[in-house]
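Thanks for coming. I have one chain to go through today, and I will take the overall layout before the individual residues.

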Amino acid sequence: MLLEPKDTSQGIVGNAFANALVAGEYDVAYNMLSTSLQAELSSPELKESFESMIRYGRSAPNYVEVMSVLNDWPDKQPSDIGWAYVAICGDGFSEAVSVVVTQEETKPVISDIDWGRP
């Protein structure tokens with residue numbers, strides 16, 4: 001059975017991350033990051049990255065959807081579960097976050113984030 005992107009492991013984590021950002025729950029989003037990414041980014045830096053990405057919009061985000069996922073790609077590491085592209089939209093803007101979801105100890109976490117549409 002082929003899963004919808006939102007129902008894959010990376011889709012579930014990516015969707016939860018994007019929804020936390022949209023809700024302004026930056027500490028929740030931060031806690032979804034891998035230990036190494038937490039060492040590089042703070043919760044306030046997540047907030048700044050997200051808000052600067054959507055700043056040009058005329059409204060707050062009101063739509064989040066996992067658009068695409070990958071299970072394999074050239075730079076995939078052995079602990080990587082998958083990659084997800086999550087659309088974040090509102091009045092006057094359409095953006096996205098792309099995340100790599102990695103298995104860290106007993107839970108899936110985000111090990112890499114690309115901000116904005118390609």
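From the N terminus on, the order of elements is α-α-α-α-β-β-β-β, so the chain holds four helices and four strands, where helices are DSSP runs of H or I with at least four residues, strands are runs of E with at least two, and both are numbered from the N terminus. What you see is a predicted model, in which local features need pLDDT of at least 70, side-chain atom pairs count only at pLDDT 80 or more, and totals for chains, interfaces and linings use all residues. Residues are numbered from 1 along each chain as its sequence is written, and side-chain values use heavy atoms, with hydrogens and water left out.

Next, the overall dimensions. The C-alpha trace spans about 40 × 35 × 20 Å along its principal axes. The radius of gyration is 14 Å, which agrees with the value near 13 Å for a compact globule of 118 residues; that radius is taken over C-alpha atoms, and the globule rule is 2.2 Å times the number of residues to the power 0.38.

Of the 118 residues, 40% count as buried. Buried means under 20% relative accessible area, exposed means over 50%, and partly exposed is in between, with a 1.4 Å probe and protein chains only. The chain exposes about 6600 Å², and carbon and sulfur atoms supply 50% of that; the areas come from the Shrake-Rupley method with a 1.4 Å probe, and for residues only the protein chains shown count as cover.

On contacts, meaning heavy atoms within 4.5 Å: among those between residues at least 6 apart in sequence, 52% join residues at least 24 apart.

Now to single residues. Which residues does Phe-17 touch, leaving aside its neighbours within four places in sequence? The list is Ala-29, Met-32, Leu-33, Leu-46, Val-97, Val-99, Ile-110, Ile-113 and Trp-115. Phe-17 sits in helix α1, residues 9–22, and is buried at 0% relative accessibility. Its C-alpha is 9.8 Å from that of Val-109, and the two residues are 92 apart in sequence.

Helix α1 also holds Gln-10, which counts as buried at 2%. Beyond four places in sequence, the contacts of Gln-10 include Val-69, Leu-70, Ile-81, Trp-83 and Val-101.

Trp-83 comes up again with Ser-98, a residue of strand β3. Leaving aside neighbours within four places, Ser-98 is in contact with Trp-83, Ala-84, Tyr-85, Asp-112, Ile-113 and Asp-114. Ser-98 is buried as well, at 8% relative accessibility.

Aromatics next. The search of the whole structure finds three aromatic pairs; rings of Phe, Tyr and Trp (its six-membered ring) pair if their centres lie within 6.5 Å, with planes under 30 degrees apart counted as stacked, over 60 as edge-to-face and the rest as tilted. One of them is Tyr-56 with Phe-93, edge-to-face because the planes are at 80°, with the ring centres 6.2 Å apart. Tyr-56 is in the loop between α4 (43–54) and β1 (63–70) and Phe-93 is in strand β3 (residues 93–104), so the pair ties together parts 37 residues apart in sequence. Phe-93 is buried at 5%, while Tyr-56 is partly exposed at 43%.

Last, a backbone point. Where does Glu-105 lie? Glu-105 is in the loop between β3 and β4 (107–115). Its phi is positive, about 55°, although it is not a glycine. With 76% relative accessibility, Glu-105 counts as exposed.
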